[in-house]
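Student: I would like to go through a structure and test the labels put on it. Ask me for nothing; just justify each term.

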Protein chains: 6
Amino acid sequence: MEMDRSVPRRGLYIGRFQPFHLGHVEAIRRLLKKVDELVIIIGSAQRSHDLDNPFTAGERYVMVRDALNEMDIPSARYHLLPVPDSPMHSVWVAQIESYAPPFQVVYSNDPLTRRLFKELRITVESVEFYRREVFSATEVRRRMLSGQNWRELVPPSVAEDVDRISGVERLKELAMTDSPFGRKNSELTTM
Amino acid sequence: MEMDRSVPRRGLYIGRFQPFHLGHVEAIRRLLKKVDELVIIIGSAQRSHDLDNPFTAGERYVMVRDALNEMDIPSARYHLLPVPDSPMHSVWVAQIESYAPPFQVVYSNDPLTRRLFKELRITVESVEFYRREVFSATEVRRRMLSGQNWRELVPPSVAEDVDRISGVERLKELAMTDSPFGRKNSELTTM
Amino acid sequence: MEMDRSVPRRGLYIGRFQPFHLGHVEAIRRLLKKVDELVIIIGSAQRSHDLDNPFTAGERYVMVRDALNEMDIPSARYHLLPVPDSPMHSVWVAQIESYAPPFQVVYSNDPLTRRLFKELRITVESVEFYRREVFSATEVRRRMLSGQNWRELVPPSVAEDVDRISGVERLKELAMTDSPFGRKNSELTTM
Amino acid sequence: MEMDRSVPRRGLYIGRFQPFHLGHVEAIRRLLKKVDELVIIIGSAQRSHDLDNPFTAGERYVMVRDALNEMDIPSARYHLLPVPDSPMHSVWVAQIESYAPPFQVVYSNDPLTRRLFKELRITVESVEFYRREVFSATEVRRRMLSGQNWRELVPPSVAEDVDRISGVERLKELAMTDSPFGRKNSELTTM
Amino acid sequence: MEMDRSVPRRGLYIGRFQPFHLGHVEAIRRLLKKVDELVIIIGSAQRSHDLDNPFTAGERYVMVRDALNEMDIPSARYHLLPVPDSPMHSVWVAQIESYAPPFQVVYSNDPLTRRLFKELRITVESVEFYRREVFSATEVRRRMLSGQNWRELVPPSVAEDVDRISGVERLKELAMTDSPFGRKNSELTTM
Amino acid sequence: MEMDRSVPRRGLYIGRFQPFHLGHVEAIRRLLKKVDELVIIIGSAQRSHDLDNPFTAGERYVMVRDALNEMDIPSARYHLLPVPDSPMHSVWVAQIESYAPPFQVVYSNDPLTRRLFKELRITVESVEFYRREVFSATEVRRRMLSGQNWRELVPPSVAEDVDRISGVERLKELAMTDSPFGRKNSELTTM
């Protein structure tokens, strides 16, 4: 990791963004007050079309970018990067470092993320939660499946993005499957 | 996908066939009335020796072939192809297309299969179910494990194939394990 | 597999050792009375930092080695080898054979392990269990998580090894996560 | 491997068939005199669109099937199965056995194939070569690239199959590339 | 691929950018006159530290971004996305589509890239070359290794980026190795 | 990496050992004077049966162990661990750390190995070469293939180990192949 102070101070923020919601927006707004640039990692980039991961990396990229545009956050302030999962937890941090520009601090509340970075002596700080009980991707997907109001949990542009790709319909179909290629992406691991 | 009409009209039918049962037989009989040739994909070909996937691709190949022979369905009418899972749902259709002869229509009732092919503008049609409540591989495996009559759910030749490889004994052993290499094939993902 | 009798008689013993406990110790002590040398496989070597597999292969290697040293079992009597999982159950035995020195017998009580080796005509014998109800890695991890006495289930040196890497703290953090890189290593499959 | 003599005597024949040519045809004709059924493996099934492997598994499947039909070899006499490569040479035979119906003998002249099967105590016999200096896939591809007569080396139906997919044009384009996704499939290994 | 005309017209441009040079800059400048937004794919994202691919995806990301900033190309005009290679050429296009925002046209001069996209009925157009004989990444790396002037072939900011990570020194060391983990990344394929 | 000084000072030494020869023996003898314990990594553990990597990890394990026994180096002084390659150079060091006991210094003369560890701030020291022009695995394999005296380059026990597995015969067969599963292991990458 670069420590050169002539480069901007960068923070790393990781999510799966299945989908991107107002909690993510608020976290990014706050983090951008602390760092010059934010490296936003779209995690589990290889996954899509399963119940916990309905959207492709490209679809999620569009959601994040559209939402940040809508909020007038200049794209010069952040880096938005899809990164596939690693087959070993123990090399995951090295893989993130290989895909991302250098960063000086990781923002995360997740105990495992925090630990993996800390075990490699990388600085980890917390993110203030913004009404986590509703602003969670699990809650958004739950509402999508049960026909409840999920739109109030995401930026307007994300609702449009989801509609454009018939995202709710896709999620409902994923909930019905019991097919050979299954409900979990992990069941499709090759060979 | 080839659209050349000088080639026969081919339909694609996908299953894991764990094991091949009378519901599959009936579906294939009906589909062969609609198309010149049927491409039968043995899905999740890499899996075996787990509770949901007890049989190898080779064992399943033998079951399907023996059963179709027994029914006097000429092997010239179908193509029987093992295909391993793909690590990404989003490339799975491309992988099927790469392994199979060209086809013009996919027969499936599974919502996810239907959606993945439809997202790529491939024609999908339904398969009429034949007493799905009993003719399901899950039910066959349940009966095998609980000592109930599973033979009435499969073609006679498949019962023989299962016996030849001591298939019921294998399934029961898989149900007892809690070993390092686990009950789920997915726990054996490499690296 | 070598059958040459000028080489020592070797037995194979496989475990994940998450962590290594007194039941493993007792099994190894008994097996060393039956064979000249024991090949001890650290299975699922690629896994770590998940609830069922908290420790890395290297950490588990240290635990086994330290415990056997503590028991005055000379390292000349055994071979201690990490082996990653295979993506196909059906090739797992071939992979073990490729990583290990030649062996003549596999010691295992696990029904699936026994079956996979037997299907390849390899001799399998049972291991006498030593108070299996408490001496199990699952029980050790359960006690670690619930703050109960796990130390009495492992050799003193293993307790020290776990403490040195703050292993209990790691396990508790793994239990709290719901992060993108998840609680299960299998969710990190590449691509 | 099954040894049950109530099942037919089966031989295994492996090729990449890039493309299928008259030498393969002749070998299969001779082998079908020795066994009841022939298991024909389309090796390196995952490869296509590189200089040594221009055709997909599905395209090669069509070539073999069309050629054997043209020769009036009944499809009941053979099994035609795509099998992807294995990441370890040492487990490759186990993978073939997992994908294929049971077989009693392997026909191959290739020293490495012969050795890998022999190391596992599987019977290997030779295939009589039919004018190997011209009937080789390497020679066919060389002629395709240099504009020479490749059609005389393949069955008429294969020439048609190659034409239908503009196969020569594809090969020539592969020869011109120096792109990021390269001339060799191996450069596209994931992760 | 989305065809919705309410979204901007997007072009796709793929490179490995090992390293990013003035030819890439010129191509991007021209392409931005033809489309609303350019999706720039950093191909072979998983590769680094080999002779043909010395730089990590993260390092290449920084090079492209810094160079486009230096040219006053607003980051709102482009999307910069690392994508790992696919293990099958035949699914590579599907993988690109899964990682990228929807696009309507691919710009490429590479025969293989052109073919793979065309086989899936995606529009492909050419890129005008800008003095290709010198502005090639191969030439830049050659000059780096031989101590010649490579700086004149890259944007000033890229020269700084390379210097900051001691890139030339790394490349020279890669040229000297004959180590177990080799000169080619492909020799490190897992398992 | 552990820095705890109550644990022994350990050095890391990496090789493919295809095969293990007198140069390796001499290096290990010298390194054992500098550290309490040596962690010896059998690299590229997944490879075998190709021209550059004829021997399996298990066969190489036996060679190293037998040779060190023959030299009266107690097995308590070293750790001998097979580690498969990583699909990304940039995570290879993290993978080694995950498989091995903690170490404080890496001994290597290879420029790439040295660099990868140094980029992660791990101490690297040189190994004195012992007549490198003849004591190289490449030279041993060359002599094996050409029928020259390779035995004088390896410990007597290694010559016996090679003979027991008909190693020279295997290498010569590998040199003759041009089969589907090729001369290079990398051509067998899965999927």
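Tutor: We take salt bridges, burial, a polar contact and a sheet in turn.

Tutor: This is a predicted model, where local features need pLDDT of at least 70, side-chain atom pairs count only at pLDDT 80 or more, and totals for chains, interfaces and linings use all residues. Residues are numbered from 1 along each chain as its sequence is written, chains are lettered from A and ligands numbered from 1 in the order in which they are written, and side-chain values use heavy atoms, with hydrogens and water left out.

Student: Why is the pair C:Arg30 and C:Glu26 called a salt bridge?

Tutor: The term needs a side-chain nitrogen of Lys or Arg within 4 Å of a carboxyl oxygen of Asp or Glu. The closest N and O atoms of C:Arg30 and C:Glu26 are 3.1 Å apart, so the pair qualifies. Both residues lie in helix α1 (residues 22-31) of chain C, 4 residues apart, about one turn of the helix. Helices here are DSSP runs of H or I with at least four residues, strands are runs of E with at least two, and both are numbered from the N terminus.

Student: What makes C:Glu26 buried, but C:Arg30 partly exposed?

Tutor: Buried means under 20% relative accessible area, exposed means over 50%, and partly exposed lies in between (1.4 Å probe, protein chains only). C:Glu26 has 18%, so it is buried. C:Arg30 has 24%, so it counts as partly exposed.

Student: How do you know that E:Glu139 and E:Arg143 form a salt bridge?

Tutor: Their closest N and O atoms are 2.8 Å apart, so the cut-off is met. They sit 4 residues apart in helix α5 (residues 137-146) of chain E, about one helical turn. E:Glu139 is buried at 15%, and E:Arg143 is buried at 11%.

Student: What makes F:Arg170 and F:Glu59 a salt bridge?

Tutor: The N to O distance is 2.7 Å, so the rule is satisfied. F:Arg170 lies in helix α7 (residues 167-176) and F:Glu59 in helix α2 (residues 57-70) of chain F, so the pair ties together parts that are 111 residues apart in sequence. F:Arg170 is buried at 2%, and F:Glu59 is buried at 16%.

Student: How many salt bridges does the rule give over all chains?

Tutor: The count comes to 90. One network of salt bridges links A:Glu59, A:Glu169, A:Arg170, A:Glu173, B:Arg115 and B:Glu119.

Student: Why is the link between B:Gln46 and B:Asp85 called a polar contact?

Tutor: A polar contact is a pair of N or O atoms within 3.5 Å; within protein, one must be able to donate a hydrogen and the other to accept it, and residues adjacent in sequence count only if both atoms are side-chain atoms. The side chains of B:Gln46 and B:Asp85 are joined at 3.0 Å, so the distance fits. B:Gln46 lies in the loop between β2 (37-42) and α2 (57-70) of chain B. B:Gln46 is buried, at 2%.

Student: How do you know that β1 and β2 of chain E pair?

Tutor: Pairing requires that DSSP finds at least two bridges between two strands. β1 (residues 10-15) and β2 (residues 37-42) of chain E are joined by 6 bridges and run parallel, so they pair. One of the bridges has E:Arg10 with E:Glu37 as its partner.

Student: What makes β3 and β5 of chain E edge strands?

Tutor: The open sheet has 5 strands in the order β3-β2-β1-β4-β5, with parallel pairing. β3 (78-82) and β5 (124-125) each have a single partner strand, so one side of each is left without a neighbour in the sheet.
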